[in-house]
Amino acid sequence: MKKNMEKKKKTNNVNLITLGEGQVGKTSIIYRYIDNSFTMTYLATIGIDSKFKKIKLDSGEEIKVKILDTAGQERFQSIAANYIKKADGIIFVYDITKTFTFTNLEKWLTNIDEIASDKPCLLIGNKSDMDDQRQVSKEEGMEFTKKFKKETHFYETSCKTGENVEKAINDLVNQIYSKSMGNDPAKGGLQLENGKKG
């Protein structure tokens, strides 16, 4: 082995999964986070899809974030359950312009409590750019986090403008990684490869 061979960097994997009704923007959130793109023409997710992104800690360690995109349809929820058990963190998504996508989070949360109550969670109210059509207030979203059995971050996001998408998911990743390392998440800090702070 050559002496000048570079030491391979350790890569840690963080696996996330998105949950919520269909058409709330789960796929759009993932695409905005992974490659900073947005389109109005996404096809409905069938079953499970996944995307990857590498982010970098201030220490220089690389984290590979894998996000599973799940279908919101009832018939796919049993499929999602198998992946939820293997996930490190869960992202709940609702549409602020459609009340039923918010109230239906109750059933998703009940299912999670049965199979993965210990996993860190993130609650996202999506489509904040459509505030003129809002049916769910920000206060209602914040209040809903009290129903989780652990501290849960809450953000309103817009996939169209990119508002809070990166910050929300990086907060969850930071929480998961810091917890796994026995660190205080408040002392951590994720830095993206482009130099932006997460």
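**What pattern does the protein follow, read along the sequence?** Going along the chain, you get β-α-β-β-α-β-α-α-β-α-β-α-β. That comes to six helices and seven strands. Keep in mind that this is a predicted model. The protein has 198 residues, and 45% of them count as buried. Take the contacts with a separation of 6 or more: 72% of those in the protein are between residues 24 or more positions apart.

**View 1. Here is the largest nonpolar core, with 25 residues.** Leu16 and Ile169 are the ones with the most contacts inside this core. Several elements each supply at least two residues: strand 1 (11-19), helix 1 (26-35), strand 2 (48-57), strand 3 (62-70), strand 4 (89-95), strand 5 (121-126) and helix 6 (165-180). Helix 6 gives the largest share, seven residues. Apart from this core lies another one, of 21 residues, including Ile17, Phe92, Tyr94 and Phe102. As a bit of background, nonpolar side chains tend to be buried together in soluble globular proteins.

**View 2. Now zoom in on Ile169 and its partners from elsewhere in the sequence.** Which residues does Ile169 touch, once you skip its neighbours within four places in sequence? The list runs Leu16, Ile29, Tyr33, Ile67, Ile91 and Leu122. Look for Leu16 in particular, since you met it in View 1 as one of the residues with the most contacts inside the core.

**View 3. Helix 1 and helix 6 pack with their axes 9 Å apart.** The angle is about 85°, so helix 1 and helix 6 are roughly perpendicular to each other. On the helix 1 side, the contact is made by Ile29, Arg32 and Tyr33. Helix 6 brings Val165, Glu166, Ile169 and Asn170. Sort the residues of this contact by type and you get four nonpolar, one polar and two charged.

**View 4. How much of helix 1 is covered?** Mostly covered is the answer, with eight of its 10 residues buried. The buried ones are Lys26, Thr27, Ser28, Ile29, Ile30, Arg32, Tyr33 and Ile34. Just after helix 1 comes Asn36, and there the chain takes a positive phi of about 55°.

**View 5. Thr157 sits in strand 6, which covers residues 152-157.** Is Thr157 buried or exposed? Its relative accessibility is 0%, so Thr157 counts as buried. Leaving out neighbours within four places in sequence, Thr157 is in contact with Ile29, and also with Ile124, Gly125, Asn126, Lys127 and Ser128. Glu163, Asn164 and Val165 are on its contact list too. Ile29 and Val165 should look familiar from View 3, where they take part in the contact of helix 1 with helix 6.

**View 6. Thr39 is in the loop between helix 1 and strand 2.** With a relative accessible area of 29%, Thr39 is partly exposed. Its partner in this view is Lys160: the two are 121 residues apart in sequence, but 7.9 Å apart in space, C-alpha to C-alpha.

**View 7. Let's finish with two cysteines, Cys121 and Cys159.** Cys121 has a relative accessible area of 0%, so it is buried. Cys159 comes in at 3% relative accessibility, and so counts as buried as well. How many disulfides are there? The count comes to zero, using the rule that the two sulfur atoms must be within 2.5 Å. If the term is new to you, a disulfide is a covalent bond between the sulfur atoms of two cysteines.

How values were computed. Residues numbered from 1 in each chain as written. Predicted model: local features only at pLDDT ≥ 70, side-chain atom pairs only at ≥ 80, totals over all residues. Heavy atoms only, no water. Core = buried A, V, L, I, M, F, W, Y, C linked by side-chain atoms within 4.5 Å. Buried < 20%, exposed > 50% of the residue type's maximum accessible area, 1.4 Å probe, protein only. Helix = DSSP H or I, 4+ residues; strand = E, 2+ residues; numbered from the N terminus. Contact = heavy atoms within 4.5 Å. Axes fitted to C-alpha atoms, helices over the stretch in contact; angles between N-to-C directions. Parallel < 35°, antiparallel > 145°, perpendicular 65-115°, else oblique. Nonpolar A, V, L, I, M, F, W, Y, C, P; charged D, E, K, R; others polar.
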